[in-house]
Amino acid sequence: MSSRSTDTHLLATAPVVVGVDGSEPSDLAVRWAAEIAAARNRRLRIVHGLALDPHSTVFGIYELLTPAVTDAMRKAGLDLVATARRLATQVDPGLTVETEVAPDQPAELLVRESNSAHMVAIGAGRASELAHIGSTLLAVSAHGHGNIVVVRDTGSERQIRQTGPVIVGIDDSRTCAPAVAAAFAEASIRETALVAVHATGDITLTGYANLAATLPIREMEAAAHEVLAEHLAGWQEKYPDVHVTRKVYPAGPAHQLISWSKAAQLVVVGSRGRGGFRGLLLGSTSNSLVQHAHCPVMVAHAN
């Protein structure tokens, strides 16, 4: 277990950061982040990246001749964060809110902010809309620091579920250690139960159905429980207030976690899967969750 005293993300001065773009999922993320900041007595930072560098490439010399282009973009950005501030103060009028409009690419800005943030929130719409926000969402989820929360908008809810357990996905790699730590902390803060989920392999459920007759199910279940015991060791003693339920499945980690997300208030996963490649943005399970889960998804990174 890592030392909480040296974790900059847990310092009292660490704000909750939310990236905004003016979309409905962005507004939902603002409200979610404001609720977290208010409940934890933290500042809320609302940030918006203008991505001026790519525009400079597009406009070239013409932008130098028409500063009104960048002026208009900055004004639109200021209007956008001002609207987001009003949304946040509707959640709690006493909330301390900071705003920033920066020239950076949105993903670069949020990754930088994540260095000193308590957590970073970013809104996500339905999977069919991923092309619009996907590059920023996946880049920040993969390369951010600390805890990155993708606030999912499934299209059926315009508010975030505040009841139900915290779910943590556990595999047999070391990369899930930050997720376990974050999940226990979140369950304790939220005064709710924790469900630890482990699916033995990445075989699809269809593939599993075809192979079920040949797999040593009992041995696989025993091994799965050993994996859970290893990763949960010590944490239940550190958080005696958190009731933990252990669930093991023979296959389909993404499917199982997405199913659990239908009744959860938060799902926590690591940023990489089993033996993930350094160049891979996200592990396949985390990637599926940020696109398809029915509640906010926290992608936990090692500090």
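# Exercises on a predicted model

Helix H11 (residues 253-261) packs against helix H12 (residues 284-292) at an angle of about 30°, and their axes lie 9 Å apart. The structure is a predicted model, and the exercises below walk through it step by step.

## Exercise 1: Two helices side by side

Task: Which residues of H11 and H12 meet, and how do they divide into nonpolar, polar and charged?

Solution.
- Step 1. Find the H11 side of the contact, which is made by Pro 253, Ala 254, Leu 257 and Ile 258.
- Step 2. Turn to H12, where the partners are Thr 285, Ser 288, Leu 289 and His 292.
- Step 3. Sort these residues of the H11 and H12 contact: five are nonpolar, three are polar and none is charged.
- Step 4. Add the handedness: H11 and H12 make a right-handed crossing.

## Exercise 2: The chain as a whole

Task: How many helices and strands does the protein chain have, and what percentage of its residues count as buried?

Solution.
- Step 1. Count the elements: the protein chain has 12 helices and 10 strands.
- Step 2. Look at burial: the chain has 303 residues, and 51% of them count as buried.
- Step 3. Look at the outside: about 14,300 Å² of the protein chain is exposed, with 55% of that area supplied by carbon and sulfur atoms.
- Step 4. Consider sequence distance: taking contacts between residues at least 6 apart in sequence, 82% join residues that are at least 24 apart.

## Exercise 3: Two alanines in helices

Task: Is Ala 33 buried or exposed, and which residues beyond its sequence neighbours is it in contact with?

Solution.
- Step 1. Place the residue: Ala 33 belongs to helix H1, which covers residues 24-39.
- Step 2. Compare with the cut-off: buried means under 20% relative accessible area. Ala 33 has 0% relative accessibility, so Ala 33 counts as buried.
- Step 3. List the partners, leaving aside neighbours within four places in sequence: Ala 33 is in contact with Val 16, Val 18, Leu 44 and Ala 121.
- Step 4. Check one distance: Ala 88 is 55 residues from Ala 33 in sequence, and the two C-alpha atoms are 8.1 Å apart.

Task: Now try Ala 183. Is Ala 183 buried or exposed, and what separates its C-alpha atom from that of Val 268?

Solution.
- Step 1. Ala 183 is part of helix H7.
- Step 2. Its relative accessibility is 0%, so Ala 183 counts as buried.
- Step 3. Ala 183 and Val 268 are 85 residues apart along the chain, and 6.0 Å separates their C-alpha atoms.
- Step 4. Val 268 is also one of the contacts of Ala 183, along with Val 166, Val 168 and Leu 194, when neighbours within four places in sequence are left aside.

## Exercise 4: Positive phi in two loops

Task: Where are Asn 41 and Glu 191, and what is the phi of Asn 41 and of Glu 191?

Solution.
- Step 1. Recall the background: most residues other than glycine have a negative phi.
- Step 2. Take Asn 41: it is not a glycine, yet its phi is positive, about 55°. Asn 41 sits in the loop between H1 and strand S2 (44-49). With 71% relative accessibility, Asn 41 counts as exposed.
- Step 3. Take Glu 191: this residue is not a glycine either, and its phi is positive at about 55°. Glu 191 sits in the loop joining helix H7 (177-190) and strand S7 (194-199). Its relative accessible area is 73%, so Glu 191 is exposed.

## Exercise 5: Cysteines and charged residues

Task: How many disulfides does the structure hold, and is Cys 176 buried or exposed?

Solution.
- Step 1. The number of disulfides is zero.
- Step 2. Cys 176 has 2% relative accessibility and therefore counts as buried. Cys 295 also counts as buried, at 2%.

Task: Are Arg 174 and Glu 230 buried or exposed?

Solution.
- Step 1. Arg 174 is in the loop between strand S6 (166-169) and H7, while Glu 230 is in helix H9 (residues 217-232).
- Step 2. Exposed means over 50% relative accessible area. Arg 174 has 78%, so Arg 174 is exposed. Glu 230 has 60%, so Glu 230 counts as exposed.
- Step 3. Arg 174 lies 9.4 Å from Gly 270, C-alpha to C-alpha, with their positions 96 residues apart in sequence.

Key: Residues are numbered from 1 along each chain as its sequence is written. This is a predicted model: local features need pLDDT of at least 70, side-chain atom pairs count only at pLDDT 80 or more; totals for chains, interfaces and linings use all residues. Side-chain values use heavy atoms; hydrogens and water are left out. Helices (H or I, at least four residues) and strands (E, at least two) are DSSP runs, numbered from the N terminus. Buried means under 20% relative accessible area, exposed over 50%, partly exposed in between (1.4 Å probe, protein chains only). Contact means heavy atoms within 4.5 Å. Accessible areas come from the Shrake-Rupley method with a 1.4 Å probe; for residues, only the protein chains shown count as cover. Axes are lines fitted to C-alpha atoms, for helices over the stretch in contact, and angles run from 0 to 180 degrees between N-to-C directions. A crossing is left-handed if the near helix is turned anticlockwise from the far one by less than a right angle, and right-handed if clockwise. Ala, Val, Leu, Ile, Met, Phe, Trp, Tyr, Cys and Pro count as nonpolar, Asp, Glu, Lys and Arg as charged, and the others, Gly among them, as polar. A disulfide is a pair of cysteine sulfur atoms within 2.5 Å.
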